[in-house]
Every structure is written in C-alpha cells, then in structure tokens.
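Me: Could you take a close look at one part of this protein with me? I'd like to hear how a single strand sits among its neighbours, and what a helix beside them looks like.

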Amino acid sequence: MKKFLSLLALLFLNISFGQSTATTYYFIRHAEKVDNSQNPNLSEKGLKRAKKWNTIFSEISLDEIYSTDYKRTLQTASPTATTKKMKVKLYDPKYIPIEVFKKETIGKKILIVGHSNTIPKFVNQMINQNSFTDIQDKTFGNLYIVTMVDEAITFQLLKLD
C-alpha cells in the first residue's frame with residue numbers, strides 16, 4: 001500500500017509539474033489606411049489585407065483579439081473577429097501593464113492589432129529585449145509571433161506580402 005501511495009504521489013507531481021503551458025501572441029500592424037488624417041478608415045488595399053489576415057488566422061484557434069481604439073486597427077481585426085465570432089477587446093498602447101497582461105492571457109492564443117510604433121514596442125516588452133524598431137511607413141505585412149512556455153520565450157518576425 002505504501003508503494004502504491006508513493007507511486008500515486010509521484011504520478012500526481014509529474015502531471016502537476018511536468019505539464020507546460022504555452023501562450024502564443026500574434027502581433028500585426030493595421031492594414032493600409034486611406035489617408036494620413038487623425039483616424040482614417042482602411043483603403044481598398046487595406047480592406048483586402050484585412051481579409052488576407054483573416055485567411056491566415058483562420059487556421060489558428062484564437063482565444064482573444066485585441067485592438068487599439070482606432071478605425072484602421074478595428075477594421076483590420078474585424079474580419080477575423082467576425083469569422084471567429086469573437087468580440088475585439090480594446091487596449092491602450094500607452095498603458096499596458098505587461099506582467100498583468102501576461103498573467104491574464106496565460107495558456108491562450110492572442111491576436112494583437114496596433115500601429116507601426118506600438119507593435120514593436122509591445123513585442124519588445126513581452127520578450128524583455130529591445131530587438132525590434134518601428135515598422136516602416138509602407139510596411140504592413142509584418143507578423144510577430146511570441147511564444148511563452150513557462151519561463152522560456154521564443155519569438156520570430158515573418159514578413160508577409
């Protein structure tokens with residue numbers, strides 16, 4: 001009986017501590033905008049790109065979608081949110097409590113839509129490095145992927161058309 005209890009305790013510990021939780025973040029910049037006004041809509045090209053992002057993310061089971069509160073970011077996130085029947089959560093890029101955000105999203109797959117200057121900064125904060133600079137004005141196809149498994153953080157930048 002003692003061996004059985006020891007074996008059971010060992011099995012429980014192995015299951016409890018041997019399981020790793022993966023969290024994946026997908027960061028994109030909003031698609032092309034119609035002009036440089038304060039809060040512009042997406043251009044026709046931008047709307048097509050938003051649909052292209054939807055196609056890319058259709059193969060990923062997202063748990064949450066975040067966007068800044070601007071027309072261009074919400075319109076970029078909208079096709080994916082609509083397809084997945086999800087509500088877009090708003091965030092303020094000037095105030096992101098990174099450690100709180102990590103805790104709230106642990107074990108999830110999250111899409112985050114932002115801007116040329118906020119997305120690289122957000123990624124850098126998530127990976128605890130200063131690896132990425134602002135996205136160039138005419139670049140809209142960057143996909144930053146950050147994966148966290150326990151304390152290990154991996155990241156990559158995919159440059160899509």
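Reply: Happy to; here is a walk through one strand and then one helix. This is a predicted model, in which local features need pLDDT of at least 70 and side-chain atom pairs count only at pLDDT 80 or more, while totals for chains, interfaces and linings use all residues. Residues are numbered from 1 along each chain as its sequence is written, and side-chain values use heavy atoms, leaving out hydrogens and water.

Let's start with strand β2, residues 64–67 (strands are DSSP runs of E, at least two residues, and helices runs of H or I, at least four, numbered from the N terminus). E64 and Y66 on one side of β2 are buried, as are I65 and S67 on the other; buried means under 20% relative accessible area and exposed over 50%, with a 1.4 Å probe and protein chains only.

β2 runs parallel to β4 (residues 109–114), joined to it by 4 bridges, and I65 has L111 as its bridge partner there. Strands pair if DSSP finds at least two bridges between them. With β3 (residues 88–90), β2 is also parallel, through 3 bridges, and S67 is partnered by L90.

Now for helix α4, residues 98–105, where I98, F101, K102 and T105 are buried. These buried residues fall within an arc of 100 degrees seen down the axis of α4, so they line one face of the helix; the arc is that of the directions from the helix axis to the C-beta atoms. K103 and E104 are exposed, on the face turned away from that buried side. After α4 comes G107, with a positive phi near 80 degrees.
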